[in-house]
Amino acid sequence: MTEGPLPEGFLVGHWSDPGAVTGCTVVLPPPASRCGVDIRGGGPGTRETDVIGAGSGPHEASAVLLTGGSAYGLAAADGVMSWLEEHGRGHRTTAGVVPIVPAAVIYDLAEGQAGVRPGPAEGRAACEAASPDPGTGRIGAGTGAAVGKILGRRRACPAGIGLAAAATGRGERVCALAVANAFGDVLGADGSLLGSARDQGGEPVGTREAIATMDAPPDWSRIEERNTTLVCILTDAGLDGAACARVARMASAGVARAVEPVFSDVDGDVVFCLSSGRPREDRFTTLAVGTVAAALTAEAIRAAVR
């Protein structure tokens, strides 16, 4: 499993402001793609997730937005919607198309200039920059990301956006795009610390060990800001909306493999799954895609801090 191209027809675009240390990332799937979501964190910031949730209609999504700026950053979805409308992409109604843009945010306001955050113009710019070969690192929604915040953000490890791609045994493409902004540490497959807090001497400090040795509660004013790991699974496999939701849930296992602690009340972890293939009644496809998606999710999170 290595970084690789997106499934055919998918595009990813970034808008970044390195000075204000924030940005946003948009995933543009082929028309009529289905979407599911799994929300595990205790403090998520989201938009339009109900329309792709359990019990909803066709689970169609015109785009998925991952953004910085905390709840303010959700305004970037307005720019994504206007761009999609101009290009005739969205849910078709008798009065024209209505783009459906599920979105989720990370908290990066304490990293740069809190008054600068993605809005409609920035969401539109991310759409204009969309490419089948997007960049990774400290760009887009990952511009102001960090992990390992048990000792406060100033001692945290810089992070960003990671990407990992592979294929199922039957050749279906699966890709995981992850924004790592967790409260906890990012761990390697062997359990080693890839991204964590640093002590005053610059040595890594694991959250588990730090909590175990504390004789008093930490200064929550330094760490209670909401943290988040955001993931979007992209696949050309044939999944309906319900299957997309199950794959998103399975992919959340990958978050737990790479982040410790995970799904806490100071995290807003969200996983989306977008499918462009023609839906078919095939439970094995869901199992195969979900298994690969979980492994790729863990790898993409690790790539975000490497």
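Buried, in what follows, means under 20% relative accessible area, exposed means over 50%, and partly exposed is what falls in between. I start there because Phe263 comes out at 25% relative accessibility, and so it counts as partly exposed. One caution before the rest: this is a predicted model.

Let me stay with Phe263 for a moment. Phe263 is in the loop that runs between strands E18 and E19. Its phi is near 55°, a positive value, and this is not a glycine. The ring of Phe263 also has company: the charged end of Arg40 sits over it, 6.0 Å from the ring centre.

The same loop holds a second item. Pro261 is also placed between strand E18, residues 259–260, and E19. The peptide bond joining Glu260 and Pro261 is cis, with omega at about -10°. For background, most residues other than glycine have a negative phi, and most peptide bonds are trans.

Where else is there a positive phi? Ser70 has one, near 55°, and Ser70 is likewise a residue other than glycine. Ser70 lies in the loop between E5 and helix H1, the helix at 76–86. Is Ser70 buried or exposed? Its relative accessible area is 19%, so Ser70 is buried; the cut-off is under 20%.

While we are on charges over rings, there is also Arg117. Arg117 lies over the face of Tyr72, at 3.6 Å from the ring centre. As for rings against rings, a search of the whole structure turns up zero aromatic pairs.

Now the interior. In soluble globular proteins, nonpolar side chains tend to be buried together. Here the largest nonpolar core has 60 residues, and Val27, Ile233 and Phe272 are those with the most contacts inside it. Elements giving two or more residues to this core include strand E3 (34–39), strand E17 (228–235), helix H4 (241–258), E19 and helix H5 (283–303). Apart from this core lies another, of 18 residues, with Leu28, Ala63, Leu74 and Trp83 among them.

Take Ile233 as an example from the larger set. What does Ile233 touch, not counting residues up to four places away in sequence? The list includes Val174, Cys175 and Ala176, then Val247 and Ala251, then Val271, Phe272, Cys273 and Leu274, and finally Ala293 and Thr297.

Ala300 gives a view from helix H5, which is where Ala300 lies. Ala300 is buried, because its relative accessible area is 0%. Leaving aside neighbours within four places in sequence, Ala300 is in contact with Gly162, Leu163, Ala164, Ala176 and Ala178. Gly162 and Ala300 are 138 residues apart in sequence, yet their C-alpha atoms are 4.5 Å apart in space.

Next, cysteines. A disulfide is a covalent bond between the sulfur atoms of two cysteines. How many disulfides are there in this model? The count comes to zero. Cys244 is in no disulfide, and the nearest cysteine sulfur to it, that of Cys273, is 4.2 Å away. The cut-off for a disulfide is a pair of sulfurs within 2.5 Å, so a separation of 4.2 Å does not qualify. Seen from the other side, Cys273 is in no disulfide either, and its nearest cysteine sulfur is that of Cys244. Cys244 is buried, at 0% relative accessibility. Cys273 is buried too, with a relative accessible area of 0%.

Cys244 leads on to Ser275, since Ser275 is in contact with it. Ser275 belongs to strand E19, residues 270–275. At 0% relative accessibility, Ser275 counts as buried. Beyond its neighbours within four places in sequence, its contacts include Ser33, Arg34, Thr235, Ala237, Gly238 and Leu239. With Ala237 there is a specific distance to quote: the backbone oxygen of Ala237 is 2.5 Å from a polar atom of the Ser275 side chain. Arg154, by contrast, is 121 residues from Ser275 in sequence and 39 Å from it in space, C-alpha to C-alpha.

One more serine to finish. Ser196 is found in the loop between strand E14 (193–195) and strand E15 (197–198). With a relative accessible area of 2%, Ser196 is buried. Setting aside residues up to four places away in sequence, Ser196 touches Val147, Gly148, Arg155, Ala156, Cys157, Asp185, Pro204 and Val205.

Notes: Residues are numbered from 1 along each chain as its sequence is written. This is a predicted model: local features need pLDDT of at least 70, side-chain atom pairs count only at pLDDT 80 or more; totals for chains, interfaces and linings use all residues. Side-chain values use heavy atoms; hydrogens and water are left out. Helices (H or I, at least four residues) and strands (E, at least two) are DSSP runs, numbered from the N terminus. Buried means under 20% relative accessible area, exposed over 50%, partly exposed in between (1.4 Å probe, protein chains only). Contact means heavy atoms within 4.5 Å. A polar contact is a pair of N or O atoms within 3.5 Å; within protein, one must be able to donate a hydrogen and the other to accept it, and residues adjacent in sequence count only if both atoms are side-chain atoms. A nonpolar core is a set of buried Ala, Val, Leu, Ile, Met, Phe, Trp, Tyr and Cys residues joined through side-chain atoms within 4.5 Å. Rings of Phe, Tyr and Trp (its six-membered ring) pair if their centres lie within 6.5 Å; planes under 30 degrees apart count as stacked, over 60 as edge-to-face and the rest as tilted. A charge sits over a ring if NZ of Lys or CZ of Arg is within 6 Å of the ring centre and within 35 degrees of the ring normal.
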